[in-house]
Amino acid sequence: MRYFFLFLIISLNLYCIDNNNKKEMNITAKVIDPLRVVHDGDINFGNIFQGSNNTSSRHRFTVYGEKGENIKVSLNGNNIHSGKNNFVPIKHNSSSDILTVGLINLSDYNNSTKLDANGEFHYDFDVELKVPKDAVLGPYSGTLTMSVLFQ
């Protein structure tokens, strides 16, 4: 009888140890379309004059990805919903002179950057370049970079 109780106690301890030392964790995943950014063409102001104001209209970045997903969109490192004006510096090719191109949003995104039913997000904008009267003559260039991430 003594051995039976000893066996019973050891069995119950092993049963309790086994049940308390195990826990399953579920692992799930959903494969979705990756994000891809395209634009409708480069911005070229052409020949401009000192002291002039220049505009270029109807430019677009389009983001493609998984339908209905929220994304974070930034232009040259600034979130498009940060409330800051987005400016792009363009540099003189052989001096330290810089001109600034201003971006003008054409749509009110209501702080939403959700991919639509087609898996697209469009960022439409105009640009404005004010050239000072004393701007250094010659070619200027710069880049506007859109970065996107899933939220």
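**Figure 1. The largest pocket of the predicted model.** A pocket is an open set of grid points with protein on both sides within 12 Å along at least five of seven lines. Keep in mind that the model you are looking at is predicted. Its largest pocket has a volume of about 670 Å³. You can get your bearings from Ile43, Asn44, Phe45, Ile90 and Gly142, which lie nearest the centre of this pocket among its 32 lining residues. Several elements give two or more residues to the lining: E2, strand E5 (87-92), strand E6 (98-105), E7 and strand E8 (140-141). Sorted by class, the lining of the largest pocket has 19 nonpolar, 10 polar and 3 charged residues.

**Figure 2. Arg60 and Asp124 form a salt bridge.** The structure holds 1 salt bridge, and this close-up shows the two partners. The closest N and O atoms of Arg60 and Asp124 are 2.6 Å apart. Where in the chain do Arg60 and Asp124 sit? Arg60 belongs to strand E2 (residues 53-64) and Asp124 to strand E7 (residues 120-130), so the pair links distant parts of the chain, 64 residues apart. Are the two partners buried or exposed? Arg60 counts as partly exposed because its relative accessibility is 33%, between the limits of 20% and 50%. Asp124 counts as buried because its relative accessibility is 14%, and buried means under 20%.

**Figure 3. Three strands make an open sheet.** Follow the 3 strands in the order E4-E3-E9 and you will find that their pairing is antiparallel. Strand E4 (78-79) and strand E9 (146-150) are the edge strands, each pairing on one side only. How many bridges join E3 to E9? The two strands pair over 5 bridges, in the antiparallel sense. To find one place where they meet, look for Leu75, which stands opposite Met146 in E9. Strand E3 (residues 71-75) is joined to E4 by 2 bridges. Here, Ser74 stands opposite Asn79 in E4. Why is E3 described as largely enclosed by the rest of the structure? The reason is that 4 of its 5 residues are buried.

**Figure 4. A hairpin turn with Asn76.** Now zoom in on the hairpin that E3 and E4 form, with 2 residues between them. Asn76 is found in the loop between E3 and E4. Its phi is near 45°, a positive value in a residue other than glycine. What makes that worth a look? Most residues other than glycine have a negative phi. Asn76 counts as partly exposed because its relative accessible area is 32%.

**Figure 5. Arg58, a residue with positive phi in a strand.** This last view returns to strand E2, where Arg58 lies. Phi of Arg58 is near 60°, again a positive value in a residue other than glycine. Is Arg58 buried or exposed? Arg58 counts as exposed because its relative accessibility is 63%, and the cut-off for exposed is over 50%. Strand E2 also holds Arg60, the salt-bridge residue from the second figure.

Methods:
Residues numbered from 1 in each chain as written. Predicted model: local features only at pLDDT ≥ 70, side-chain atom pairs only at ≥ 80, totals over all residues. Heavy atoms only, no water. Salt bridge = Lys/Arg side-chain N within 4 Å of Asp/Glu carboxyl O. Buried < 20%, exposed > 50% of the residue type's maximum accessible area, 1.4 Å probe, protein only. 1 Å grid on protein atoms, 1.4 Å probe; cavity = no way out; pocket = protein on both sides within 12 Å on 5 of 7 lines; lining within 4 Å. Points joined across faces, edges and corners; volume = space filled by probe spheres on them. Nonpolar A, V, L, I, M, F, W, Y, C, P; charged D, E, K, R; others polar. Pairing = 2+ DSSP bridges.
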